[in-house]
Amino acid sequence: QVRLVESGGGLVQAGGSLRLSCAASGRTFNRYVMAWFRQVPGKEREFVARIFWSDGSTRYADSAKGRFTISRDNAKNTVYLQMNSLKPEDTAVYYCAAKDDGIDLKYPYWGQGTQVTVSS
């Protein structure tokens, strides 16, 4: 059973930084894609960034480019989202997600989420 546990959320002022962590367990993830999504109440969950565990290739939403960095630590089975130059509009619950690296675009595995609040 895949288990994803996020941590690192909190309250930060605009312009500040946070690093989110996603500890993954339950199987070998070298053929998996790990991603971060975020959701604001009343809105759909939106993609933020993803990384292929096998080769570290990444992709970002336009809103995250240049400010956020996704990375992984193979030894710790942990994925990170370093968020810099945070804006109030980054306020959301951030979720870690995982799927295998096949053609299916759906992420079947999700963490419980961690709240990020950016004050102006």
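**Exercises: one disulfide and three buried residues**

The link of cysteine 22 and cysteine 96 is left-handed, with -75° about the S-S bond. This model is predicted: local features need pLDDT of at least 70 and side-chain atom pairs count only at pLDDT 80 or more, while totals for chains, interfaces and linings use all residues. Residues are numbered from 1 along each chain as its sequence is written, and side-chain values use heavy atoms, with hydrogens and water left out.

**Exercise 1.** Find the disulfide and work out which parts of the chain cysteine 22 and cysteine 96 tie together.

*Step 1.* Start with a search of the whole structure for disulfides (cysteine sulfur atoms within 2.5 Å). The search finds 1.

*Step 2.* Look at the pair itself: the sulfur atoms of cysteine 22 and cysteine 96 are 2.0 Å apart.

*Step 3.* Place both ends on the strands (DSSP runs of E, at least two residues, numbered from the N terminus). Cysteine 22 sits in strand S3 (residues 18-25) and cysteine 96 in strand S9 (residues 92-100), so the bond joins parts that are 74 residues apart in sequence.

*Step 4.* Check the surroundings, taking buried as under 20% relative accessible area, exposed as over 50% and partly exposed as in between (1.4 Å probe, protein chains only). Cysteine 22 is buried because its relative accessibility is 0%. Cysteine 96 also has 0% relative accessibility and therefore counts as buried.

**Exercise 2.** Describe the setting of aspartate 90: where is it, and which side chain does its own side chain meet in a polar contact?

*Step 1.* Locate the residue: aspartate 90 belongs to the loop between strand S8 (78-83) and S9. Its relative accessible area is 1%, so aspartate 90 is buried.

*Step 2.* Search for polar contacts (N or O atoms within 3.5 Å; within protein, one able to donate a hydrogen and the other to accept it, with residues adjacent in sequence counting only if both atoms are side-chain atoms). The side chain of aspartate 90 makes one with the side chain of arginine 38, at 2.9 Å. In addition, a polar atom of the aspartate 90 side chain lies 2.8 Å from the backbone nitrogen of lysine 87.

*Step 3.* Widen the view to contacts (heavy atoms within 4.5 Å). Beyond its neighbours within four places in sequence, aspartate 90 contacts Arg38, Arg67, Phe68, Ser85, Val116 and Val118.

**Exercise 3.** Follow the trail from aspartate 90 to valine 118: is valine 118 buried or exposed?

*Step 1.* Valine 118 lies in strand S11 (residues 114-119).

*Step 2.* With a relative accessible area of 5%, valine 118 is buried.

*Step 3.* Not counting residues up to four places away in sequence, valine 118 touches Val12, Gln13, Ala14, Leu86, Lys87, Pro88, Asp90 and Thr91.

*Step 4.* Now compare sequence with space: valine 118 and leucine 18 are 100 residues apart along the chain and 10.0 Å apart from C-alpha to C-alpha.

**Exercise 4.** Map the neighbours of isoleucine 70, leaving aside those within four places in sequence.

*Step 1.* Isoleucine 70 is found in strand S7 (residues 68-73), and it is buried, with a relative accessible area of 4%.

*Step 2.* List the contacts: Met34, Trp36, Ala49, Arg50, Ile51, Thr58, Tyr60, Val79, Tyr80 and Leu81.

*Step 3.* Finish with one distance: from isoleucine 70 to glutamine 82 there are 12 residues in sequence and 6.4 Å in space, C-alpha to C-alpha.

Methods:
Helix = DSSP H or I, 4+ residues; strand = E, 2+ residues; numbered from the N terminus.
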